[in-house]
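Reader: I am new to this structure. Please take me through the labels used for its parts, and tell me what stands behind each one.

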Amino acid sequence: KVQTTPEDVYRRNEALSLLPAGQLPRILPTPAVIREGGATVVLDPKNGIVYEPVFRAEADYLSLLMAKVFGKPVLTAQGTTGKAAVRLVKDASITGKEAYKLQVQEDGITIFASTNAGIFYGIQSLRQLLPLTAKGTATLPAVQVEDAPRFAFRSFSLDVARNFHSKAQVLRMLDVMSVYKVNTLHLHMSDDEGWRVEIAGLPELTQIGGRRAHTLDEMESLQPAYGSGPDAGNAAGTGWYTRADYIEILRYAKARHIKVIPEVEMPGHGRAAIKAMEARAAKLAKAGDPNANAYRLSDPDDKSQYRSVQEWKDNVMNPALPSTYKFIEKVTTELAAMHAEAGAPLDIIHMGGDETPGGVWEKSPACQKLLAESAELNHVDDLWIYFYDKVAQIVNKQGMQLYGWEEAGMRRTQLDGNNVMIVNPVFGNRNFQLDVWNNVMGGGMEDLSYRLANGGYKVVLSGVANYYFDMAYQRDYDEPGFYWGGYVDLDKPFYFIPLDLYKNAKEDDAGNPLPASIFVGKDRLTAYGASNIVGIQSALWSETVKSPERLEYMVLPKLLGMAERAWAPDPAWTKDLAGYNEAWNKFANVVGQREIPRLATLNGG
Ligand code: TNX
């Protein structure tokens, strides 16, 4: 294997050794506390599941899981006493929202929690103690588990915009996520290449925006963007979730204690929506409708010239048009309505913000007029704050927390074209949450997540170098994927050290200097900043992902490394390379020996 970065040399490729099955970690992600004494317990599914009434849904879920293992139905009964293979018990003394206790002992198997989510995670832990299939009864190790997650926010972000991914595939990913206690699905539902969810009253969004190339002319003239450009032959380029599909996804996720956060990309990466709304305006104008431009996102007279990272020149919404905000309000209202219908209230929404190119809005008459009339807005750069302030007001009014990419909390300065943090109490006071992706090693931004957290933003650690699953596994021409943020194999999400990157900034415990390129960031995390770091997110961007097989190849098993880091307690090995190697060896073994076989058989549940 080829070493890829200095960090690789430091961390990886200590020889792995095969562990005997009995030495594998029992539960993944690693629980906060697990005790075992070597005894075993026999589980007889004939004894059924006994549950307290509030845990009925979880009992049914467990019954289905056990039926798959034992090949026959497993009965459930309400109650607290009597014979049982597994008991689900309410325990108000367990206070964490996702916390649970699992006892596997001589007199029975019991899961205790005060919440449904806690019971659900106890079930997932129990599942890992069971064999994949068993005849008659199963023998489990006797264990005492007391568990709760390290981070409340454990997320997988899936780009269904660049290439569409079907509802069935999303449901399958929700099943995988639930095994590893990943509790958030961030759906990147719109981008330059596509708009992927039906919005009542704006049919053009899907009928025009949900197709890869929005017109035939465009197909011929547009530049492909890193493999994601117009491609008439690629079926994945066209597709969207109907209202009913989206509601079904939400319900399926809710049953698995997973929150779905929709993302509406703006103001950049907005081409599909912009083109759809231009087509709507043209159609309505032709029919003489005086409100033809009601939802328009672009200024028809804008002569600004720019190129986005992916080479688009017309993909940024205009912040000076009232119709832009009408569009945002309409879309968020319709999304909220679908969430309400699914019983999964929309209390946080992702409103994009990444990669808006320099040069935008400069020659838009609408923007120039706004700047001329406003006392506070002096420069086109100020429109960024103006825009996100209005977006915040729209979503906050609907009871939603605002969430975005890191750039949403920063702005491009006219001086040097760099992004600087907006120290703006307007956003901070509203609990603005940001995905911080820029930890590309050696780029000088490694401390960005800390700076933003210290500055009052809620921060989700989403570093490219560790958590972008569209990065190829290895430097090898046969490996698919990008590599602009390095190579992301299973070890990268595993060895990321949240909240600790700068603790040992100069040398390791043996006094060996660490490669300087890792530590070019300057700012350390304050205690206040640490309290603002809510969790970890992994992301699969889908420019290069055109099939379900490719999707699963890129995500699995990397997702397990992310789940481990987001749920497991702060690992002791962060100061000790030998400890790290042992932990990594165990992790690689359990993934390879037990979890990959599970994933291969996982099907509907
Ligand atoms: C960057 S980092 C993007 C996406 C691309 C991805 C490809 C960020 C928020 N945006 O638009 O799909 O790189 O790796």
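Reader: How many of the residues of the chain count as buried?

Author: This is a predicted model. Of its 605 residues, 58% count as buried. The label needs a relative accessible area under 20%.

Reader: What helices and strands are there in the chain?

Author: The chain holds 19 helices and 17 strands. Among its contacts with a separation of 6 or more, 78% join residues 24 or more positions apart.

Reader: How much area does the chain expose, and what share do carbon and sulfur atoms supply?

Author: About 24200 Å² is exposed. Carbon and sulfur atoms supply 53% of that.

Reader: Why is Ser304 called buried?

Author: Its relative accessibility is 11%. The cut-off is under 20%, so Ser304 counts as buried. Ser304 sits in the loop between helix H8 (271-286) and helix H9 (322-341).

Reader: What makes the link from the side chain of Ser304 to the backbone nitrogen of Lys363 a polar contact?

Author: The distance is 2.8 Å, from a polar atom of the Ser304 side chain to that backbone nitrogen. A polar contact needs N or O atoms within 3.5 Å. The Ser304 side chain also reaches the backbone nitrogen of Trp361, at 3.4 Å. Beyond four places in sequence, Ser304 touches Gly359, Val360, Trp361, Glu362, Lys363 and Ser364.

Reader: How do you know that Asn318 is buried?

Author: The relative accessible area of Asn318 is 2%. The limit is under 20%, so Asn318 is buried. This residue is also in the loop between H8 and H9. The side chain of Asn318 makes a polar contact with the side chain of Ser364, at 3.0 Å. Leaving aside neighbours within four places in sequence, the residues in contact with Asn318 include Trp361, Ala366 and Cys367.

Reader: What is unusual about phi in Trp361?

Author: Phi of Trp361 is near 70°, a positive value in a residue other than glycine. Most residues other than glycine have a negative phi. Trp361 lies in the loop between strand S11 (348-350) and H10. At 5% relative accessibility, Trp361 counts as buried.

Reader: Where else is phi positive in a residue other than glycine?

Author: Lys181 is one such residue, with phi near 65°. Lys181 belongs to the loop between H4 and strand S9 (184-188). Its relative accessibility is 0%, so Lys181 counts as buried.

Reader: Which residues of helix H10 are buried?

Author: In H10 (residues 365-373), they are Ala366, Cys367, Leu370 and Leu371. They cover an arc of only 130° around the axis, so they are on the same side of H10. On the other side, Lys369, Ala372 and Glu373 are exposed. Exposed means over 50% relative accessible area. Helix H11 (383-397) is included in what covers the buried residues of H10.

Reader: What about helix H17: which residues are buried there?

Author: In H17 (residues 548-555), Leu551, Glu552, Met554 and Val555 are buried. Their arc around the axis is only 165°, which puts them on the same side of H17. Their cover includes strand S8 (153-159), helix H4 (167-179), strand S17 (533-540) and helix H18 (558-567).

Reader: Why is Leu140 called buried?

Author: Leu140 has a relative accessible area of 0%. Buried means under 20%, so Leu140 is buried. Leu140 is in strand S7 (residues 138-147). Leu140 and Val104 are 36 residues apart in sequence, yet their C-alpha atoms are 7.8 Å apart. Val104 is among the residues that Leu140 touches, as are Ala39, Ile109 and Leu126.

Reader: Which residues come nearest to the ligand?

Author: Of the 14 residues around the ligand, they are Arg162, Asp354, Asp470, Trp484 and Glu543. By class, the shell has seven nonpolar, two polar and five charged residues.

Reader: How far is an oxygen atom of the ligand from an N or O atom in the side chain of Glu543?

Author: The distance is 2.7 Å. A polar contact is set at within 3.5 Å. The protein covers 98% of the 370 Å² of accessible area that the ligand has on its own.

Reader: Which peptide bond to Pro29 is cis?

Author: The bond that joins Leu28 and Pro29 is cis, with omega about -5°. Most peptide bonds are trans. The bond from Met266 to Pro267 is also cis, with omega near -25°.

Methods:
Residues numbered from 1 in each chain as written. Predicted model: local features only at pLDDT ≥ 70, side-chain atom pairs only at ≥ 80, totals over all residues. Heavy atoms only, no water. Buried < 20%, exposed > 50% of the residue type's maximum accessible area, 1.4 Å probe, protein only. Helix = DSSP H or I, 4+ residues; strand = E, 2+ residues; numbered from the N terminus. Arc of directions from axis to C-beta. Contact = heavy atoms within 4.5 Å. Near = heavy atom within 4 Å. Polar contact = N/O pair within 3.5 Å; in protein donor to acceptor, adjacent residues only side chain to side chain. Areas by Shrake-Rupley, 256 points an atom, 1.4 Å probe, with all protein chains shown as cover. Nonpolar A, V, L, I, M, F, W, Y, C, P; charged D, E, K, R; others polar.
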